[in-house]
Amino acid sequence: MVEIDKSISFDGRDIRLKIGLLAPQAGGAVLIQSGDTAVLVTATRSQGREGIDFLPLLVDYEERLYAGGKIPGGFLRREGRPPEKVTLTGRLIDRPLRPLFPSWLRDDIQVVATTLSMDEQVPPDVLAVTGASVAILLAKMPFYGPMAAVRVGLVGDDFIINPTYSEIKEGELDLVVAGSPDGVIMVEASANQLPEQDIIEAIDFGYEAACDLIQAQREIMAELGIDLVVGEPPSLDLALENFIRDRAQEPIRIILSRFEKDKTIRNAALDEVKANAVESAIAELAEDDPVKVAATANGKAIGNVFKDVTKQMMRKQILEDGVRVDGRKLDEVRPVSCRVGVLPSRVHGTALFNRGLTQVLSAATLGTPGDAQDLGDDLHPQQDKRYLHHYNFPPFSVGETKPMRSPGRREIGHGALAERALVPVLPSKEDFPYVIRVVSEILSSDGSTSMGSVCASTLALMDAGVPLSQPVSGAAMGLIKEGDEVRILTDIQAIEDFLGDMDFKVAGTDTGITALQMDMKIKGLPLDVIANAIHQAKPARRHILERMLSTIDTPRKEMSPFAPRLLTLKIDPEFIGLVIGPGGKTIKAITEETGVKIDIEDDGTVTIAGNDSEKAMRAHNIIQGMTRKLNAGDVYVGTVTRIIPIGAFVEILPGKEGMIHISQLADYRVGKVEDELAVGDEVIVKVREIDNKGRINLTRLNIHPDEAVAAREALNK
């Protein structure tokens with residue numbers, strides 16, 4: 001392929017596309033660059049495997065540490081398990097791509113995005129999303145594109161496209177919008193409690209920029225002579241579909257119109273129809289009957305057709321009757337109940353949140369600054385995290401049995417969404433120096449467990465005594481769209497998620513939105529539909545929030561007795577080495593004496609954690625004493641710790657000693673130190689001098705009575 005080097009300028013930003021330079025054997029490849037951040041994105045297609053009845057799309061995102069001029073840590077000195085950010089970026093690429101492939105496509109498709117160079121200004125994720133669309137078009141795959149993504153920031157009162165890392169950090173919004181020719185196809189955002197209208201305007205602003213990138217892709221493909229053709233679906237034998245529809249449609253309609261609220265009962269009834277009305281009937285057919293031949297050729301055909309019929313009947317009931325399968329109105333929330341403190345206080349804060357059949361148990365743990373997650377082996381500027389949100393989805397939550405592995409992409413993504421929703425309301429590090437971890441255990445799932453995690457975790461944090469600025473609740477919105485007919489659903493359950501067209505999660509406080517995530521199963525939506533969904537979510541969020549606040553309305557004043565108590569002090573950074581000591585000897589001695597945990601940051605912030613407040617204060621005083629700058633003439637009340645022939649050592653501050661020479665013990669000649677002092681004696685001393693080696697020389701001479709009184713008063717404070 002001929003090399004093409006194109007620059008696209010919009011809203012003050014430049015994106016450069018290099019085609020035909022790298023990866024010549026991939027189906028399609030593009031190097032997409034902005035600033036010094038460059039991502040190679042490839043798309044490759046191979047013939048579908050026999051028996052596959054879904055689109056086997058695999059999206060991988062890779063980061064190489066050489067891209068940021070780094071060498072990986074660890075024994076092997078090479079990249080290992082991907083960081084969470086890498087997994088989340090892979091999901092970000094996948095979500096707007098998947099709906100744009102034709103439903104009939106069964107070929108193996110792999111998209112690989114690799115960050116080859118990265119500065120500390122331009123995030124690579126939205127570049128990778130747009131690059132994936134370019135690579136797929138270059139590979140001439142069936143695709144309802146082009147597709148493009150942009151990031152929208154809000155700095156002051158102005159929206160900006162593709163903000164830098166520093167602009168994201170300083171701003172009030174971090175929004176990613178992906179669009180197709182048919183409209184917005186994916187939204188993901190974190191926001192600092194922004195009003196709904198601001199979010200809607202930001203999505204519109206982002207989609208306009210995405211349209212510029214879509215048009216640029218069309219022009220490039222025209223220049224290369226590549227037609228944007230989706231292709232025709234393979235011809236289908238409708239004998240099996242018609243057979244199942246004739247026998248199952250009416251029984252399915254009856255089951256769905258019962259408005260059963262328990263999905264296990266409804267699913268059991270549907271399974272019975274499939275077994276008795278469909279599978280048994282097919283089993284009785286002759287072996288050469290076309291229906292039986294079709295069912296035998298594909299073991300999943302019966303289940304897939306039965307699912308399609310169920311989908312059509314469910315959607316028809318919503319569109320025509322305005323009633324959902326559980327009898328709710330379109331804007332009605334399922335029954336909500338909450339509890340806090342459901343586990344013993346060994347767990348610092350817990351909450352159980354129920355919404356319909358969805359049940360989430362969240363547990364909050366308070367840790368010390370040393371428990372922060374180190375993100376150093378990463379390309380991104382953020383070095384650590386002091387709020388961690390983890391999400392677990394065990395198989396029993398949906399009544400299934402399967403092996404339990406390490407967290408998958410979905411679990412990591414849902415945990416990150418809940419984390420984004422709660423970060424804006426967390427106290428600052430200065431006000432609340434704890435590292436916080438929340439784990440959301442999904443105990444029962446029937447739709448929107450991520451928003452259930454947000455609600456349960458808000459309650460768990462309040463139960464743990466974390467002073468949130470405001471409580472956060474969340475709701476998931478769904479969509480049924482047939483032609484021009486559109487119905488927006490509030491608080492979707494599992495069947496409405498699986499058989500619907502949209503899963504739009506909205507989280508926020510009573511003031512505004514803190515997080516969004518919208519995924520589509522259709523090719524795009526106009527802004528007015530998205531705006532209606534955002535507005536319809538607001539009363540649902542408030543309704544859920546009222547139920548939450550009726551359980552606990554403010555964070556607890558007292559933390560669990562098993563949570564660590566933290567004391568902080570600031571020392572001059574030049575004293576950090578003194579507190580640590582050679583080989584950590586000094587700090588180890590302090591921790592052994594007091595039983596506390598001590599964390600020291602580079603700026604001199606010292607955090608002391610311990611369950612015994614007296615011992616924590618002892619460690620605090622030792623460090624404060626060690627790092628206090630002394631001046632000649634200062635007077636202290638000290639304790640004699642050692643006696644040697646030429647004088648006595650006195651601890652004048654916790655951890656800090658000076659020596660009184662025998663000649664400075666009294667205003668007369670002293671024969672033996674022991675004649676004047678004994679170990680353990682309390683003595684008033686003055687700092688005579690501090691020599692060039694930092695040694696403190698003390699005296700008992702020339703101390704005015706007022707100075708002695710002041711020293712005792714300072715000791716007793």
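**Aspartates, cores and domains**

Colleague: Which residues does Asp497 touch, not counting residues up to four places away in sequence?
Modeller: Contact means heavy atoms within 4.5 Å. By that test, and leaving out residues up to four places away in sequence, Asp497 touches Ile492, Asp503 and Lys521.

Colleague: Which atoms do the side-chain values use?
Modeller: This is a predicted model, in which local features need pLDDT of at least 70, side-chain atom pairs count only at pLDDT 80 or more, and totals for chains, interfaces and linings use all residues. Residues are numbered from 1 along each chain as its sequence is written; with hydrogens and water left out, side-chain values use heavy atoms.

Colleague: Which residues does UniProt list for "binding site"?
Modeller: The entry is unreviewed. UniProt positions follow the numbering used here, feature names are shortened, and annotations may be inferred rather than shown by experiment. The residues listed are Asp497 and Asp503.

Colleague: Is Asp497 buried or exposed?
Modeller: Asp497 sits in helix α11 (residues 494-498). Helices (H or I, at least four residues) and strands (E, at least two) are DSSP runs, numbered from the N terminus. Buried means under 20% relative accessible area, exposed over 50%, partly exposed in between (1.4 Å probe, protein chains only). At 18%, Asp497 is buried.

Colleague: What is the relative accessible area of Asp503?
Modeller: Asp503 belongs to strand β20 (residues 502-508). Its contacts beyond four places in sequence include Met477, Asp497 and Gln517. Asp503 is buried because its relative accessible area is 12%.

Colleague: With which side chain does the side chain of Asp503 make a polar contact?
Modeller: A polar contact is a pair of N or O atoms within 3.5 Å; within protein, one must be able to donate a hydrogen and the other to accept it, and residues adjacent in sequence count only if both atoms are side-chain atoms. For Asp503 the distance is 2.7 Å, and the partner is Lys505.

Colleague: Which helix gives the largest share of the largest nonpolar core?
Modeller: A nonpolar core is a set of buried Ala, Val, Leu, Ile, Met, Phe, Trp, Tyr and Cys residues joined through side-chain atoms within 4.5 Å. The largest has 89 residues, and those with the most contacts inside it are Leu97, Phe101, Ile203 and Phe504. The largest share, 12 residues, comes from helix α4.

Colleague: From which domains does this core draw at least three residues each?
Modeller: Domain bounds come from an automatic or database domain assignment. The core draws at least three residues from each of domain 1 (4-224) and domain 3 (336-550).

Colleague: How many residues of α2 are buried?
Modeller: Helix α2 (residues 125-138) reaches 20 Å from first C-alpha to last, close to the expected 20 Å. That expected span is 1.5 Å times one less than the number of residues. The helix is largely enclosed by the rest of the structure, because its buried residues number 14 of the 14.

Colleague: How far apart are the end C-alpha atoms over residues 633-701?
Modeller: UniProt's unreviewed entry places "domain: S1 motif" there. The stretch is 0% helix and 52% strand. Its end C-alpha atoms are separated by 11 Å.

Colleague: Which side chain is in polar contact with the side chain of Asp691 at 2.7 Å?
Modeller: Asp691 lies in the loop between β28 (682-690) and β29 (696-699). Its side chain reaches the backbone nitrogen of Lys693 at 2.9 Å. The side-chain partner at 2.7 Å is Arg695.
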